[in-house]
Amino acid sequence: MVKTTSPLHTPLCDLLGCQFPIMLAGMGGVARHRLASAVANAGGFPVLGMVREPCERMRFEIAALKQQCITPFAVNLIPAATDSSLLKAQVSLCIELDVPFIALFWDIDKKLIHQLKFEGCKIIHQVGNRKDAEAALDAGVDVLIAQGQEAGGHVRGKVSSLPLLAELLPISPIPVVAAGGIGNGKSIAAALTLGAQGVSLGTAFLATTEANAHEHHKQRIIKANANDTVYTTQFHRNWHEPAPVRVLANAITRGERIDSNKQDHPIVIGYQDNQSIHLCSTDSPLTDAIGAIDDMALYSGQSCGQIAKVTSVKQRVDALVTEAKLALKFP
C-alpha cells in the first residue's frame with residue numbers, strides 16, 4: 001500500500017523545516033519569542049518581528065526563541081523604515097547569531113539581499129505587486145510572500161490576495177506564499193488549490209494567548225468583521241513615508257482625533273516598552289501598553305471576520321489544519 005502524503009505538505013515545508021505550510025507574519029512588537037516558539041511547536045514556521053528593535057532586544061529574543069524551539073526561524077526586518085545605522089547593526093547581529101532566514105518587506109534592497117545571501121542567509125521577501133516581485137526574484141530571494149490588500153498592518157500593494165497570487169505564480173521559480181484575508185482552514189485550502197505553497201498569517205495569530213498584543217486589541221479583532229477594517233494612511237508617525245495600513249476603525253479613522261501638531265511635537269497618548277506612544281504612530285498596543293489603547297493602530301486584516309475567539313496557538317493551528325484538510329477532501 002502506497003503511503004499518501006498530506007496535501008498540506010508542500011516543498012516550502014522542506015525548505016523552511018516545518019510540518020505545515022503556515023508562517024507567522026513578522027508583526028513588529030507582537031511576534032516576539034513567545035508567539036514565534038508557539039507557532040514553531042505547533043508545526044508552523046516562526047518569524048520574529050524585529051522591525052526597528054534595538055539590538056539588545058533582538059539578541060534576547062533570538063536566544064529565547066532558540067531555547068524554546070529547535071526548528072529554523074526567520075527575523076523580519078524592514079530596511080526602508082529603519083535608520084541606516086540601526087539596520088547595519090541589526091544585520092550584523094543576525095549574521096553573528098547565524099539566523100537562517102531573513103524576512104524582508106517594502107522596497108527591494110538588492111545590495112542588502114546579496115550581502116545576506118553571501119553570508120549564508122536565505123531570504124523571504126513580502127511583495128504587494130508584480131514589479132516588486134520581479135525585482136525580488138532578480139535579486140535572488142528564496143521565497144516570495146504575495147501580500148494582498150486585505151492584509152492587516154502596512155500594505156504594499158493595491159491588489160487583493162488571490163488575483164495577486166494568480167499573477168505571480170506563473171513567473172516565480174521559487175515558492176510563493178499567500179498573505180491577506182486568510183484566517184481559517186478553508187481560505188488556506190483556497191490558496192493552496194490556486195498554487196501557493198503556503199500561507200502567512202498575522203491577524204489569526206495576533207488573536208492568540210501567546211501574542212504580545214494588548215488584550216483590548218485581541219478582543220476588538222474577535223468582535224469585528226471584514227467591514228470593520230479601514231485602509232488608511234492616517235497612522236504615519238515613525239514610518240519613512242505616509243504608507244497605507246489596514247486597521248480596525250477607531251477615533252483616528254473616524255476623524256474624531258486630529259493630529260494637528262508639528263512632527264517634532266507629537267501628542268503622547270500612551271506608553272509601552274518604556275517609550276511614549278504618539279497620536280497617529282504606527283505602533284500597535286502591546287501587552288504592557290497603557291493610555292488611550294483604542295486610539296492606537298489596531299492592525300487587522302479582513303480575515304478578522306473568520307476569527308471568533310482568542311485561543312492558544314496550538315488550538316488555532318490544529319483547527320486551521322483540520323479544516324484545510326477537510327476542504328481539500330483529505331482524511
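How many bridges pair strand S3 (residues 74–77) with S4, and in which sense, parallel or antiparallel? Select both strands and you'll find 4 bridges, running in the parallel sense. (Strands here are DSSP runs of E, at least two residues long, helices are runs of H or I of at least four, and both are numbered from the N terminus; two strands pair if DSSP finds at least two bridges between them.)

Before moving on, some housekeeping. This is a predicted model, where local features need pLDDT of at least 70 and side-chain atom pairs count only at pLDDT 80 or more, while totals for chains, interfaces and linings use all residues. Residues are numbered from 1 along each chain as its sequence is written, and side-chain values use heavy atoms, with hydrogens and water left out.

**Stop 1: strand S4**

Stay on the S3 and S4 pair and pick asparagine 76, which stands opposite alanine 103 in S4. Now show the S4 side chains: Phe101, Ala103 and Phe105 point one way, Ile102 and Leu104 the other. Since 5 of the 5 residues of S4 are buried, the strand is largely enclosed by the rest of the structure. (Buried means under 20% relative accessible area, exposed over 50%, partly exposed in between, with a 1.4 Å probe and protein chains only.)

**Stop 2: helix H5**

Next, select residues 110–118, helix H5, and colour its buried residues Leu112, Ile113 and Leu116. They sit on the same side of H5 because they cover an arc of only 100 degrees around the axis, taking the directions from the helix axis to the C-beta atoms. What covers them? Look for helix H4 (84–96), strand S4 (101–105), strand S5 (122–127) and helix H6 (130–139), which are among the covering elements. Spin to the face turned away from the buried side, and there are the exposed residues Lys111 and Phe118. Just after H5, check glycine 120, with its positive phi of about 95 degrees.

**Stop 3: leucine 165**

Jump to helix H7 (residues 161–168) and centre on leucine 165. Leucine 165 is buried, with a relative accessible area of 0%. Leaving out residues up to four places away in sequence, leucine 165 touches Ala146, Val176, Ala178, Ala191, Leu194 and Ala196; a contact means heavy atoms within 4.5 Å. Try a distance label to glycine 148 as well: C-alpha to C-alpha it is 8.3 Å from leucine 165, with their positions 17 residues apart in sequence.

**Stop 4: a three-stranded sheet**

Now bring up the open sheet of 3 strands, ordered S13-S12-S14 with antiparallel pairing. Its edge strands are S13 (275–278) and S14 (290–291), each pairing on one side only. Strand S12 (residues 268–272) is joined to S14 by 2 bridges, and glycine 270 has glycine 291 in S14 as its bridge partner.

Then zoom in on the loop between S12 and S13, where aspartate 273 lies. Aspartate 273 has a positive phi of about 50 degrees although it is not a glycine. Asparagine 274 is in that loop too, with a positive phi near 60 degrees. Is asparagine 274 buried or exposed? Exposed, at a relative accessible area of 84%.

**Stop 5: the second largest pocket**

Finish by selecting the lining of the second largest pocket, including Gly183, Asn184, Gln306, Lys309, Arg316 and Glu323. The lining divides into 4 nonpolar, 5 polar and 3 charged residues, and the space inside is about 190 Å³.

Definitions and conventions:
On a 1 Å grid over the protein atoms alone, a cavity is a set of points where a 1.4 Å probe fits but cannot get out, and a pocket is an open set with protein on both sides within 12 Å along at least five of seven lines; lining residues have an atom within 4 Å of a point. Grid points are joined across faces, edges and corners, and a volume is the space filled by probe spheres set on the points. Ala, Val, Leu, Ile, Met, Phe, Trp, Tyr, Cys and Pro count as nonpolar, Asp, Glu, Lys and Arg as charged, and the others, Gly among them, as polar.
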